[in-house]
Structures are given as C-alpha cells and as structure tokens.
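Please take a moment with the sequence and the model below before reading on. The paragraphs that follow lead from one part of the chain to the next.

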Amino acid sequence: MMALQCNSIPNFPNIVNKTISRQQFASFISKTRSISTRINPSSAVSNARKLSRNRVVSALISEEKAAEPSSSGTDAFKLTYLEGNSWLWEVGGVKLLVDPILVGNLDFGIPLLYDASKKYLKNFQLTDLPEIDCILITQSLDDHCHLNTLKPLSQKLPNVRVIATPNAKTLLDPLFTNVVYLEPGQNHEIQTSNNSYVKVRATAGPVLGPPWQHPENGYIVTSPQGQLSLYYEPHCVYNQEIIGKERADIVITPVIKQLLPSFTLVSGQEDAVQLAKLLHSKYVVPMKNGDLDSKGILASIVKSDGTIESFKELLLKELPDVKTLEPIPGVPLSIP
C-alpha cells in the first residue's frame, strides 16, 4: 500500500504543455533566452503551453519579470520542472537532478492499485539529460526514489554524486558508489568549476510509514556567493520551530492539498503561505505533484483541495510582496 505520513515531526536524536519531444527538451535545457517585456502571469502560463503544443522552443518564461538581468550569473538559479516531484536545477554551473521519475510510470510496485504517467513530457528519455553533477533524493518512496529511473541512471552515471535521506540507503547503496546521506541539520558542499561551492543543507520532512521511521528530507540549496538560496520539500510538511530558524529566497512547494479520507497526503494552501513566511522568502514556485494521468483504486480516492489561484489569494493577503512563479513543464525558469 501507499505509505502514509505523520505531519507532526517527533524529536529524533539526529535532528538538529502537452507532449514535448526529446529534441525540444534538450533545446529547452541548453538554449534558452528570456522574455524581457512585462507579461500578465495567467497569459504567460497559457502562452507557454501553447508554445509547447506547437513544438516551438522560444523562450524562458517567468512571471512579473522575475528573470531580470543579473550581475552575478553564478548566483542565479535555473529551475526546470519535470512533472511529479522531479526537477532539474542549475546554480553556479552545478546541475542537480532532483527526485527523478524519468523512466516508465509511477506505481509504487502496485500498478493495479495505482499507476500514473506524466501529462506533458511523455517522450522524455535519459539521453535528453545534460551532464548531471548531483542527484538529490528527498524521500525513500517510489515517487522520489524511483528505482525504474535510478537503475538505468546508475549504469549511465555510475560515479555521479548522490545526496539522499538515510532512509533510502538500502535502495541506493547497490546502485551508486558516491552517496552522501544527510540527516536533517547536516550539510554538504559541491565544488564548482571555479572552485567555489554550492551548499546543500538537509531539513526535516515528513515521517512516513508504516513502518514509521526517521523523517525524510527537505533541502536548502545555497548559491556559491551566498546571495540566493532555495528550499524544497515535496509534501509541504515542516516543523515550524526548526524551519523558522532557516532562510530561503525561493520556496518550491506543493500548494494544492492531496487528501485521503480523514488524512492529508500532501499539504499546501495556508501551510505553504506559512512556510514562505517562516523562511522570509521572496518567491514561491508552486509544484503540481498530483497533476498526473493516474488510474487505479488509490488514485480514485485521492482528492484535491485548493488551486493555485486560491493559494495566490492567500499569499497576497498575508505576504503581498512575495511573487508566485508558475513553472511550465520542460521550460527553464530563471531566478537571478
């Protein structure tokens, strides 16, 4: 069965848009140019999806001129949403592949109960990836630590650095030789080509089970010069006291809740607003990790609560200066 989560994090000792072709995706990653004119947010999203449908690779779309010129390219983040929980991030020349689900469907090993595929990047293949410097794994379950993807990735990139939750150790150790397991509160540095460092700090995510185990991970990634930081945790689950001591300019989080009867699988809405407030963030990048083509008994009983628009209304009321940047699958979003 699909694992459940405990939204209250105990004190553990160690706790301190339609189908896009392969050629299009590769071009999205390597050849993007920004649109510098001011764009209405809702029309930007709609137009980008039209570009995708028409197989036109034209631009890096961002909302409210988020991608203005920067004097420090090494401290800019380029974020490419790969649907589900999957991302490709680039900062300081370092490319991080996050929670990749890129080969086959997502089914948790129970395809008769749950089987999901992507809506837009259906033709993606591993050969479309640029050179990867690090794989980042937040959780040990299939929707984050996807063995159908990680097994061929380990054959393609046997020595790639992997940063992961210790809960995934039994899954990752047989595949990769260079794995760093971070407990919440621990840090790791990735050296860039100019001998500076991208810093990765683990934070406490949800407790999953049964069997119940140590918290899974969120991460704060800080640019080489320390001018920009990003927080990511794919369930919008956090300890307010702990996360309130952190800072992140960019928050990537779900904003639409996913609910089972009497149980919250993924949080969002007011909890996502509170997260941005605690982190003193400037940007929220909402992810639709439940927006998949899914089928099966479990898929039929998971319900959504809220929309991106309702989240924006909550955010505007509580944090009017924080901008919402909606990612388009396959289209890099640049934040300087």
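Strand β13, residues 229–232, is covered on both of its faces in this predicted model: S229 and Y231 are buried on one side, while L230 and Y232 are buried on the other. Two strands pair with this covered strand. With strand β12, residues 217–222, the pairing of β13 is antiparallel and extends over four bridges, and within that pairing Y219 has Y232 as its bridge partner. The hairpin that β12 and β13 form has six residues between the strands, and G226 in this hairpin takes a positive phi near 75 degrees. With strand β14, residues 250–254, β13 runs parallel, the two being joined by three bridges, and here L230 stands opposite I250 of β14.

From this strand it helps to step back to the chain as a whole. The chain has 336 residues, of which 56% are buried, and it contains eight helices and 21 strands. The surface that the chain exposes comes to about 14500 Å², with carbon and sulfur atoms supplying 50% of that area.

Several of the strands belong to open sheets, and one of these sheets has seven strands, in the order β8-β7-β6-β4-β3-β2-β21, with mixed pairing. Its edge strands are β8, residues 179–181, and β21, each of which pairs on one side only, and the twist from one strand to the next averages 20 degrees. Inside that order, strand β4, residues 94–98, and strand β6, residues 134–137, pair in the parallel sense over three bridges, with I135 in β6 serving as the bridge partner of L97.

Another open sheet has three strands in the order β16-β15-β19, and its pairing is antiparallel. Because β16 (263–266) and β19 (303–305) stand at the edges with a single partner strand each, one side of each is left without a neighbour in the sheet. The twist in this sheet averages 40 degrees from one strand to the next. Strand β15, residues 257–260, runs antiparallel to β16 and is joined to it by three bridges, and L260 has F263 of β16 as its bridge partner.

Helix α8, residues 308–318, offers a view of how burial is arranged around a helix. I308, F311, K312 and L315 are the residues of α8 that are buried. Seen down the axis of α8, these buried residues fall within an arc of 100 degrees, and therefore they line one face of the helix. On the other side of α8, E313 and K317 are exposed. The N-terminal end of the helix is capped by T307, which has a side-chain oxygen 3.3 Å from the backbone nitrogen of E309.

The loops deserve the same attention. I328 lies in the loop between β20 (323–324) and β21 (333–335), and because its relative accessible area is 4%, which is under the 20% cut-off, I328 counts as buried. Although I328 and Y81 are 247 residues apart in sequence, their C-alpha atoms are 6.7 Å apart in space.

Two further loops hold residues with a notable backbone angle. Most residues other than glycine have a negative phi. F108, which is not a glycine, nevertheless has a positive phi of about 55 degrees, and its place is in the loop between β4 and β5 (115–117). N195 also has a positive phi, near 65 degrees, in a residue other than glycine, and it lies in the loop between β9 (187–191) and β10 (197–204). With a relative accessibility of 56%, N195 counts as exposed, because the cut-off for that term is over 50%.

A last point concerns the cysteines. How many disulfides does the count come to? With a disulfide taken as a pair of cysteine sulfur atoms within 2.5 Å, the count comes to zero. C145, at 2% relative accessibility, counts as buried, and C236, at 4% relative accessibility, counts as buried too.

Methods: Residues are numbered from 1 along each chain as its sequence is written. This is a predicted model: local features need pLDDT of at least 70, side-chain atom pairs count only at pLDDT 80 or more; totals for chains, interfaces and linings use all residues. Side-chain values use heavy atoms; hydrogens and water are left out. Buried means under 20% relative accessible area, exposed over 50%, partly exposed in between (1.4 Å probe, protein chains only). The arc is that of the directions from the helix axis to the C-beta atoms. A polar contact is a pair of N or O atoms within 3.5 Å; within protein, one must be able to donate a hydrogen and the other to accept it, and residues adjacent in sequence count only if both atoms are side-chain atoms. Two strands pair if DSSP finds at least two bridges between them. Axes are lines fitted to C-alpha atoms, for helices over the stretch in contact, and angles run from 0 to 180 degrees between N-to-C directions. Accessible areas come from the Shrake-Rupley method with a 1.4 Å probe; for residues, only the protein chains shown count as cover.
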